[in-house]
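Visitor: I should like to learn how the features of a structure are read from its atoms. Please show me the model and take me through it.

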Amino acid sequence: MIRVENLYKSFDNKTVLKNISVEFERGKTNLVIGRSGSGKTVLLKSIVGLFEVDRGNIYYDQRNFVKMKPKERKNLRKEMGMVFQGGALFDSLTVEQNVGFQLKLFTNKTKQEIAERVSFCLDRVKINKEFFKSFSSEISGGMQKRVAIARAIVLEPRYLFCDEPNSGLDPETSLVIDNLIHEITLDLNMTTIINTHDMNSVMSIGEKVFFIRDGKLQWEGTKDEIMKADDKHLQNFVFANNMYKKYR
Amino acid sequence: MDFFFHVGRYFSFLGRVFSKTERKKIFFRNVFQEIGTLGVNSVGLVIIMSIFMGAIITLQMVYNLTSPFLPVFLIGLGNRELLILEFSSTILSLLLAGKIGSNITSEIGSMRVTEQIDSLEIMGINSAEYLIFPKIIAILFIFPFLYILSVFFGLVGGLVVGTSFGAISPTDYINGLQHSFIPYHFSFSIIKMLFYGFLIATIPSYYGYYVKGGAFDIGKASMSAVVNTDILILVFDLILTQILFK
Ligand SMILES: Nc1ncnc2c1ncn2[C@@H]1O[C@H](COP(=O)(O)OP(=O)(O)OP(=O)(O)O)[C@@H](O)[C@H]1O
Ligand SMILES: [Mg+2]
């Protein structure tokens with residue numbers, strides 16, 4: 001469980017997050033939706049501490065992240081996995097080395113064990129063996145995203161953060177990725193937060209949905225409630241694609 | 001204002017770079033890699049540069065310093081002293097600041113803008129220490145060697161060009177090289193090289209680490225990094241000469 005309390009974040013007098021309070025549940029895929037520029041990435045990066053917040057508290061299962069010393073934060077981070085909006089693979093390393101990076105650094109696994117774990121994780125995101133030795137610049141954008149997911153789950157984190165994991169993927173692969181994240185969340189009983197503006201994802205894995213507008217929490221609910229919600233701004237977002245009108 | 005902001009942030013950055021590592025396992029591998037990319041790859045440039053420096057100094061001496069009143073061994077001696085004291089240390093470092101510095105800033109800078117540095121942080125790794133500490137160690141290790149290499153090839157350059165242009169006989173040149181040699185001048189420059197190496201490793205890293213934006217900003221940061229490193233090298237040359245020769 002991750003609980004955010006009265007979070008504020010601004011960049012040189014421009015307030016991006018305004019008094020956000022939310023609770024993300026364990027064992028569920030929590031979706032944060034909102035238009036481009038609404039503050040989703042800033043929220044996610046504030047939660048994981050890549051941005052220092054101006055005000056507010058962030059609890060990771062009762063542990064207040066905002067009050068932690070750098071050392072404690074570092075330890076907590078070993079329980080986190082994150083997929084960045086751009087993939088952010090290490091371009092000096094191969095696909096295989098990217099995924100195995102933390103195993104090599106933080107575990108005492110043998111070469112053989114690392115190779116096995118890496119190939120298991122890459123298999124889950126459907127990366128073919130022939131790409132294991134490729135560098136990130138040699139594989140497609142969608143594949144980079146999938147490798148990034150494999151890298152994020154390699155240590156079986158308690159908390160998983162995904163910033164638009166399926167932007168740039170075709171609809172079919174998007175669905176595979178969504179389901180994969182959902183599946184892993186259940187398997188490992190993780191607290192998963194996913195940023196997205198893809199309504200398909202909302203409808204398939206939106207167990208809990210948070211709608212952010214202009215840095216404020218505008219609405220929260222489940223994927224079933226979202227279709228019946230009265231909020232004007234949310235409706236504009238949800239029914240931007242006419243296809244979803246028939247659900248209403 | 002800007003100046004103090006940068007100085008303050010530079011020192012807090014160094015604080016992060018020098019905090020303790022928990023990953024001895026891959027630290028040495030990283031250092032070796034950096035010795036390769038930053039040091040060994042510079043050897044060719046150092047050799048070519050130094051041959052030309054030595055050759056040009058020698059020719060200038062031959063054409064401007066020869067008179068019946070001056071002994072001919074001054075040419076070898078002059079070349080040796082100029083190389084040992086300034087050319088193979090300061091001038092060489094100004095050049096290496098351009099080559100190594102721009103390489104470091106653009107590497108670290110693109111890792112910043114593509115969120116690779118954030119990825120390291122999320123894994124619970126101190127990215128400043130992980131990325132930059134091995135570079136510092138590698139450069140401090142390799143710089144004295146590059147200096148010695150430069151002095152050697154500078155002297156060879158002087159010999160080859162000086163004698164082949166018929167300006168000086170090999171015996172006179174070599175006599176000059178051996179004349180009143182002061183070992184302290186050599187150690188003085190090695191000390192300078194360590195300071196320069198530290199500047200060349202850390203200032204461009206700093207500029208790369210705090211880049212915001214994209215390719216355009218990385219280009220600008222590389223430029224500022226090289227310019228500021230060069231200026232600081234000259235400032236340190238002045239200070240160290242004053243301190244170590246007084
Ligand atoms: N480092 C930063 N410095 C200054 N302003 C920033 C910074 N990062 C984000 N912002 C601002 O915060 C606002 C929210 O940005 P954010 O990246 O969170 O949007 P988003 O919801 O993730 O959009 P998208 O769906 O396009 O990724 C934007 O107006 C942006 O200009
Ligand atoms: Mg975003």
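Visitor: Which oxygen-containing partner lies 3.1 Å from a backbone N or O atom of G39(A)?

Guide: A polar contact is a pair of N or O atoms within 3.5 Å; within protein, one must be able to donate a hydrogen and the other to accept it, and residues adjacent in sequence count only if both atoms are side-chain atoms. Here the partner is ligand 1: one of its oxygen atoms is 3.1 Å from a backbone N or O atom of G39(A). For G37(A), a backbone N or O atom lies 2.8 Å from an oxygen atom of ligand 1. E164(A) contributes through its side chain, where an N or O atom is 3.0 Å from an oxygen atom of ligand 1. Ligand 1 taken alone exposes 640 Å², of which the protein buries 68%; such accessible areas come from the Shrake-Rupley method with a 1.4 Å probe, and for residues only the protein chains shown count as cover.

Visitor: On what basis do these values rest?

Guide: This is a predicted model, in which local features need pLDDT of at least 70 and side-chain atom pairs count only at pLDDT 80 or more, while totals for chains, interfaces and linings use all residues; side-chain values use heavy atoms, with hydrogens and water left out. Residues are numbered from 1 along each chain as its sequence is written, and chains are lettered from A and ligands numbered from 1 in the order in which they are written.

Visitor: How many residues surround ligand 1, and which are the closest?

Guide: A residue is near a molecule if one of its heavy atoms lies within 4 Å of it. The shell around ligand 1 holds 14 residues, with K14(A), S36(A), G37(A), K40(A) and T41(A) the closest. Helices (H or I, at least four residues) and strands (E, at least two) are DSSP runs, numbered from the N terminus. Strand 2 (14-24) and helix 1 (40-47) of chain A each supply at least two residues of this shell, and helix 1 of chain A gives the largest share, 3 residues.

Visitor: How is the shell around ligand 1 divided by class?

Guide: Ala, Val, Leu, Ile, Met, Phe, Trp, Tyr, Cys and Pro count as nonpolar, Asp, Glu, Lys and Arg as charged, and the others, Gly among them, as polar. The shell around ligand 1 has 3 nonpolar, 7 polar and 4 charged residues.

Visitor: How many cavities of 30 Å³ or more does the whole structure hold?

Guide: On a 1 Å grid over the protein atoms alone, a cavity is a set of points where a 1.4 Å probe fits but cannot get out, and a pocket is an open set with protein on both sides within 12 Å along at least five of seven lines; lining residues have an atom within 4 Å of a point. Grid points are joined across faces, edges and corners, and a volume is the space filled by probe spheres set on the points. The search finds 3 cavities, the largest with a volume of about 120 Å³. Its lining comprises 15 residues, and M80(A), G81(A), Q102(A), A152(A) and M123(B) lie nearest its centre. Strand 6 of chain A supplies the largest share of that lining, 3 residues.

Visitor: What is the volume of the largest pocket?

Guide: The largest pocket has a volume of about 1,300 Å³. Among its 34 lining residues, L50(A), R16(B), R112(B), D118(B) and Y209(B) are the closest to its centre. By class, this lining has 12 nonpolar, 6 polar and 16 charged residues.
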